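Trainee: I should like to learn how to read helices and the way they pack. May we work through an example together?

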Amino acid sequence: MAVTENEGICGEANPEDNVVPMHIGNASCNELNDEQRREADNERTDRTVGFRFFPFFQAVFQAKGATQLLILSALMSFGVGCTLGVVPDVMTDRYSRIHHGYEGPDCSTFDRPQKPDACQHGYDDAQYAVAWSTFVQNILTLLCNTTVGSISDARGRRGVMILSTFLSTLCPAALVGMELVQSMDPILYFIALSLIGIVNFMSIGFSMLSDVVPPHFRAPSFGLFISAYYLGFSWGPSLTLILNHFQVSLLSSLSSIFSFLFACFFLPETLPQEVAERNLQERLAYTTREPAASLRKTMFRPIREMSILNRDYMFRLLTIAYFFSGMVFSSDRSLVIFYIEDQLNVHDGDLSSMMLVMGFVAVVIQGFLIEPLLSCFGEKGLLVLSFMCGTVHNLCYGLATGKDLIYVALCLSQLTKVNFPVISSIASNNVSENEQGRMQGSLFAVSALANALGPISLQLVYNHTKNRKGIWGTGTMWVFASFLYGVGTVIVCFIPEDKVNKSTSIVTDESENDLEERLLGLE
């Protein structure tokens, strides 16, 4: 039983809709005067607004596979977070011994002023290897992700997500191998790190949520997915306070294996069967039996799939903004830990407390504040705000001479990262249901190209400025990153208003009305 939306709470009953007149006190709607009718309508509006926050969580946790996705995100990130502070120390020490003949105590036992030259050279080698492995990882994402996303539109998401979790087990396994075999070359670890790029975990996760979450809740649901990731990620570094490097690496490997098994046994398929069948038929009709033509289509498929981003002016602006954001995001993720450990003497204890603070802020912003922020600023306004925060927090990295400003920068960076779920939501809401995987795959492919170029670009800036003093010294690369976010801020200001804010509009569409009526007990 439902109340007809366009008639208000005092709408007339329609026998065909099984709607009955609502009663207030002892009087039916038919007996109310105009003022009483308005009061009754306002009462219903107040009740609906009061439930705006709770329907989001109910819609997400009742959606097929959404809860499993959030758990998987936390499990995956815990394995990554465990080794966040371990990898720089292990790689620096290993390169100093293999490439520079170092035979003394572990390089991580020295502060920067007392660090031997061999350890400093080992650090430079490790940072260089991270930058180039990140480049290869993202080139693989660029080449594979659009095709993988398009395939998932026809073949299903579950198998692709399982492949992603399997590839994530290789990296910690290689790290454990390095701890056990002292002569093992770090190149094997970086090869495993690069292979993760074949299937982007976030991309397929966003596609799965797009399958099951209503359009108006997609941006906050993407944020909730990211907050689950940071929930696990923030706790991992604390383990280095009670466990040694080998024990942490082993725990990270076991966590990644458990994530893979969890995906295999508990993660359901989210792609509707009718959508999969329709997409599969369209792709079969497109294929050709001629070998030469088939090979040509296969080679150019990533470019063809990414053409969706050139559909109109709004998509082109989103793509450019996503590119600049991705350049800096990848650099923050891969280089900032190396930078603060080497330049600011940040050790395991400092890093664990930083990650806890950052993780708490990330969970609060991504999990609970995106929807209120969207209601307050709208999608375009929130994008501008997030890009401005990116400009500020990267400048803080470059200007920091102590750990306090790093805390501020890490907290601000979590508001910066709001731009990823918002851009993904805008793109998702402007394509049909059978293009969700293709759209998310194309966006993350652009991000992959940016992620590949970002660390390399900042590494080049670092190499040319590392021997200078002051603001134009080692921190210059973060000033350059701040400039890139400034360019992105200008770009998002030109996004057309009529293409955004679809997920924050007032409840008018049929699906949202049905959801609220069920939650209010009116049906």
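**Reading helix bends and helix packing**

Mentor: Let us begin with a bend: helix 5 has a kink of about 40 degrees, centred on Cys144. Please bear in mind that this model is predicted.

Trainee: How far apart are the end C-alpha atoms of helix 5, and what span should its 39 residues have?

Mentor: One compares the span expected at 1.5 Å a residue with the distance between the ends. For helix 5 the expected span is 57 Å and the end C-alpha atoms lie 53 Å apart, which agrees. Just beyond helix 5, Gly156 adopts a positive phi of about 110 degrees.

Trainee: What does the comparison give for helix 16, and where does helix 16 bend?

Mentor: Helix 16 covers residues 348–399, 52 residues in total. A straight helix would reach 76 Å at 1.5 Å a residue, but the end C-alpha atoms of helix 16 are only 22 Å apart. Helix 16 bends by about 100 degrees at Gly378.

Trainee: Let us turn to packing. At what angle do helix 4 and helix 5 pack?

Mentor: Helix 4 (residues 86–100) packs against helix 5 (residues 117–155) at about 110 degrees, and their axes are 7 Å apart. Angles of 65 to 115 degrees count as roughly perpendicular, so helix 4 is roughly perpendicular to helix 5. The crossing of helix 4 past helix 5 is right-handed.

Trainee: Which residues of helix 4 and helix 5 meet?

Mentor: A general idea helps here: an α-helix has 3.6 residues a turn, so residues three or four places apart point the same way. From helix 4, the residues that meet helix 5 are Met91, Thr92, Tyr95, Ser96, His99 and His100. Among their partners in helix 5 are Ala118, His121, Gly122, Asp125, Ala126 and Ala129. By class, this contact of helix 4 with helix 5 has seven nonpolar, six polar and one charged residues.

Trainee: How do helix 6 and helix 11 cross?

Mentor: The axes of helix 6 (residues 158–168) and helix 11 (residues 245–266) come within 8 Å and cross at roughly 165 degrees. Angles over 145 degrees count as roughly antiparallel, so helix 6 is roughly antiparallel to helix 11. Their crossing is left-handed. In helix 6, the residues meeting helix 11 include Ile162 and Phe166, and in helix 11 the partners include Phe260 and Ala263. The residues of this contact divide into six nonpolar, four polar and one charged.

Trainee: What is the crossing angle of helix 7 with helix 11?

Mentor: Helix 7 (residues 170–180) and helix 11 have axes that come within 8 Å and cross at roughly 155 degrees. Helix 7 and helix 11 are therefore roughly antiparallel to each other, and helix 7 passes helix 11 in a left-handed crossing. Among the contacting residues are Leu175, Val176 and Glu179 of helix 7, with Phe246, Leu250 and Ser253 of helix 11.

Terms used. Residues are numbered from 1 along each chain as its sequence is written. This is a predicted model: local features need pLDDT of at least 70, side-chain atom pairs count only at pLDDT 80 or more; totals for chains, interfaces and linings use all residues. Side-chain values use heavy atoms; hydrogens and water are left out. Axes are lines fitted to C-alpha atoms, for helices over the stretch in contact, and angles run from 0 to 180 degrees between N-to-C directions. Helices (H or I, at least four residues) and strands (E, at least two) are DSSP runs, numbered from the N terminus. Angles under 35 degrees count as roughly parallel, over 145 as roughly antiparallel, 65 to 115 as roughly perpendicular and the rest as oblique. A crossing is left-handed if the near helix is turned anticlockwise from the far one by less than a right angle, and right-handed if clockwise. Contact means heavy atoms within 4.5 Å. Ala, Val, Leu, Ile, Met, Phe, Trp, Tyr, Cys and Pro count as nonpolar, Asp, Glu, Lys and Arg as charged, and the others, Gly among them, as polar. The expected span of a helix is 1.5 Å times one less than its number of residues. The bend at a residue is the angle between axes fitted to the seven residues ending there and the seven starting there.
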